[in-house]
Amino acid sequence: MEEWNMSVGSLGEQVLDRLSKMLDNATCGWRQLATAVSEQPQFRCSESELTSCSLQVLSTAGSPGRTLLARLADRSCSLDFLLHCLRKMDHQEAAQYLTSTLAELIQITVQPQAQQATVGGRVVLTCRASGPPGLSYQWFRGKEEILDETGNTPELVLRPSLPAHQGHYICRVHHGETFIFSQWAHVRFVPTAGPSPGCSSSLFPGSVSGLRIIRQPQSQAVSEGDSLFLECSTEANPPVQYEWYHNMVPMTQHKTHSLKIPCVTTAHRGQYRCKMFNLYHEAWSDTATITIGPSSITEASWVEVDRGLDSKEVHRSTCEPGLHQLQQMVNPPPSVKHFYATDKVALLIGNMNYLYHTQLCAPIADVHELTNLLRQMDFKVVSLLDLNWQEMHSAVTEFLLLLDKGVYGLLYFAGHGYENYGNSFMVPIDAPASYTSEHCLCVQNILTRMQEKQTGLNVLLLDMCRKRNLYDDVIVQPGLLKVTANIVFGYATCVDAEAYEVKREDVANGIFISFLKRRVCEDEKVTVMLDRVGEDMGRCEITRGRQALELRSNLSERRSLTDQIQTAECSASHSARNLQWAIAHVLPKSHCLQFDCGVKVQLGFAAEFSNIMVIYTRILEKPQEIVSCCAQLTDFPQDVDIDLKKSNQETLLEAGSLLLIKENLPSPEVPSLYTRIRCLQRLRRELTFTICLHYTYSNMDDEVQERKPVTVGKPLVSKLNLHEPRPPHARSASSSFSLDSFNVPESSSSVDSASNAWSYPAQSDRESSTIDSATSSRSANIPEETDCEFDAPQPLVASKSLPHSQINDTNYKFSDMYNFHSH
């Protein structure tokens, strides 16, 4: 049933709290449920996540069961699968409660229709409903229940029909003690059985009656943003089914007598028809022509005449095309409506640690989650944290080099921002206290440069405040925007309003991403997807009246972020983009270092973001006479940012990484130490550091040290030298690069040594020397392992779901909300 495919997150707070109390026990509770749901990998919880659930008992209002249900909701676990798992673990109380609660979701999808029949013929009344499994149907004529063999099914068949059958019928659909009634349907008899005028011809001679259309859809002229309502109804026996067609293409989601589109765009122009059919008959409605625009277009179009010294006005054309020709111009054939991208690239910037402004918490989690979701849709993603003005400017320039004709480009920014005179400005972390537009990046200027690449889709998601900047009186004049009809702006908040983040446990999420992540992978037109995000935000108690999504778009085609990539065979520009993207995707090669004392140390790497890397050390071998041993990293260059208090820690959490989750910790005999390196974009030379081995012999009390210097080249985004100014007009990838100008690196050392020859490459994460964009864009951030002869430890993997509760949790308080913008 449809409702049982809904997510756990659709349950109300009262229902979730009641289920949580049933699951907060040791014998048949939340741990057993976590084991049961693990039969599907996407719902499997790691040890750290289970630990986080169990720690909820330390809080007065904490509930491990509630936390687990929140995680399942975040991962879109269906109600049907949850019920299956509750039954699998034999939790009868919880299963019964969930079943009875969801019985309230019963909805009638097919209502019984009025019938005309002849004595001796056949009458069929149909009532269908959606809801929990095991729905029962009861039919009544007036107050009298029909108890024959067909009375407890969705269809009531009266054959042969008798005069006593005439009257009003109703169906009662119930599940347990919960029930709902259908509408009344009147059955009456007519003297003859022949079809009336306007009926379709019968497919089977001798059928009871014909199919008569009693209401036709009407042609309309509406404006963008209005709602469209078309209706087509019939009298028929048996009842008919409906199928709507737009420009002769089936609208698979519309199966009722009425068609309603709440917010139309120019893509909804065209001709609509309804097909009605049952077992014996088939008929088509009249054609309804829908025109959409700023004003109605009926018999004439408007043309603009140049306005010169003689003050010519806008005149009505005397040589316009006819209505049929006009519809052909605005309605392409159905085959044109299947869109694709020649490539898909995204730049994600999250600024948190501002020098002169309020520190933020959410951008790290927001950028990380959106990165993983976009990679699932084959986007090449550049994810960067904490950039100053020069680095942001250079990053945008590198991003523009990845664009080309037909490419889908997406820019996301989370951090401080403002809006003046219709222009949006992203604030770098080094912006002064009284910053103006010269200290920031204008989003509209970036959009102008994106349009120069003839992109197929431009999506800009701004997760920042849009308050007026009182320090800035300059009216910026961005470049002239072209009429490309492919631009989508998604603002996390309205004009002159603020954006918020909610702090939960160890991480925080912005309000916008908390809702966007649930829908961004939907195979829907971008604007439709964002509209649904806005509706979800509107139902959130803590943001109502404070933050609302604003959507601006001129997108005239049904383009979706999930559209497939189709590139020309052996396309030089596509191959160049892949190489550009991959060059900054390379992690240093894993090392196995042999020390003089006989200890062997493994040095591994994992990417958290394009400019943040985790280095770990593991002791692989040591002589028996050494009783204790550890390998620590030290002597890092001043270019990069390292919290010395969190370096060389035994867990990723202690090292400051909230996003990389290590599924299986090494055994105590093989300890690991983790160090997190930030701001790799500021690295001006090869990354060099020292491994300091500390060990103690069994017959000695004093600790011994051995030191080995290590050089790992320029990892990840450091190859791009974002700290260097870029030329004002960098050439595009398609015009300035060719395959012959690149040498694919065979090892990390060759990449690093050749990095100076790469003028404008881009992106993040580890990538092998053989590039496959369809698979590499979805790969997790994993540490590279060498072929040393030992049992390889489990790799690090990037978490795709952060440990936070759903946004509608009633435990949220307004005091937990932090402003994205302050002066």
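In the predicted model, helix α9 passes helix α10 in a right-handed crossing. The axes of α9 (residues 389-401) and α10 (residues 443-451) come within 10 Å and cross at roughly 25°. Angles under 35 degrees count as roughly parallel, and α9 and α10 are therefore roughly parallel to each other. On the α9 side, the contact is made by H393, V396, T397, F399 and L400; on the α10 side, I446, R449 and M450 take part. By class, the residues of this contact comprise 5 nonpolar, 2 polar and 1 charged.

A second helix pair is formed by α2 (residues 30-37) and α4 (residues 64-74), which pack at an angle of about 20° with their axes 9 Å apart. That angle makes α2 roughly parallel to α4. The crossing of α2 and α4 is left-handed. Residues W30, L33, A34 and V37 of α2 meet P64, G65, L68, L69 and L72 of α4. The contact of α2 with α4 has 8 nonpolar residues and 1 polar residue, with no charged residues.

The surroundings of α4 extend beyond α2. Of the 11 residues of α4, 11 are buried, so the helix is largely enclosed by the rest of the structure. Buried here means under 20% relative accessible area. The buried residues of α4 include the contact residues P64, G65, L68, L69 and L72, and R66, T67, A70, R71, A73 and D74 are also among them. The buried residues of α4 pack against α1 (13-23), α2, α3 (47-54) and α5 (79-88). Just after α4, S76 takes a positive phi of about 60°.

Turning to the sheets, an open sheet of 4 strands has the order β32-β33-β34-β37, and its pairing is antiparallel. Strands β32 (591-594) and β37 (672-677) are the edge strands, each pairing on one side only. From one strand to the next, the twist averages 25°. Helix α8 (residues 363-376) packs on this sheet and touches β33 (600-609) and β37. The direction of α8 makes about 90° with that of β33.

Within the sheet of 4 strands, β32 and β33 pair in the antiparallel sense over 4 bridges. Residue Q594 has K600 of β33 as its bridge partner. The hairpin of β32 and β33 has 5 residues between the strands, and in this hairpin G598 takes a positive phi near 100°. Elsewhere in the sheet, strand β34 (residues 612-621) and β37 are joined in the antiparallel sense over 6 bridges. The bridge partner of Y616 in β37 is Y674.

Helix α8, which packs on the sheet of 4 strands, contains T371. At 4% relative accessibility, T371 counts as buried. Apart from its neighbours within four places in sequence, T371 is in contact with L348, V381 and S383.

Another open sheet has 3 strands in the order β35-β38-β39, with antiparallel pairing. Strands β35 (626-634) and β39 (704-711) stand at the edges with a single partner strand each, so one side of each is left without a neighbour in the sheet. In the sheet of 3 strands, the twist averages 20° from one strand to the next. Strand β35 and strand β38 (residues 688-697) run antiparallel and are joined by 8 bridges. The bridge partner of S628 in β38 is T696.

A further buried position occurs in strand β18 (residues 270-277), where G270 lies. Residue G270 counts as buried because its relative accessibility is 1%. G270 and H246 are 24 residues apart in sequence, and their C-alpha atoms are 6.8 Å apart in space.

Methods. Residues are numbered from 1 along each chain as its sequence is written. This is a predicted model: local features need pLDDT of at least 70, side-chain atom pairs count only at pLDDT 80 or more; totals for chains, interfaces and linings use all residues. Side-chain values use heavy atoms; hydrogens and water are left out. Two strands pair if DSSP finds at least two bridges between them. Helices (H or I, at least four residues) and strands (E, at least two) are DSSP runs, numbered from the N terminus. Axes are lines fitted to C-alpha atoms, for helices over the stretch in contact, and angles run from 0 to 180 degrees between N-to-C directions. Contact means heavy atoms within 4.5 Å. Angles under 35 degrees count as roughly parallel, over 145 as roughly antiparallel, 65 to 115 as roughly perpendicular and the rest as oblique. A crossing is left-handed if the near helix is turned anticlockwise from the far one by less than a right angle, and right-handed if clockwise. Ala, Val, Leu, Ile, Met, Phe, Trp, Tyr, Cys and Pro count as nonpolar, Asp, Glu, Lys and Arg as charged, and the others, Gly among them, as polar. Buried means under 20% relative accessible area, exposed over 50%, partly exposed in between (1.4 Å probe, protein chains only).
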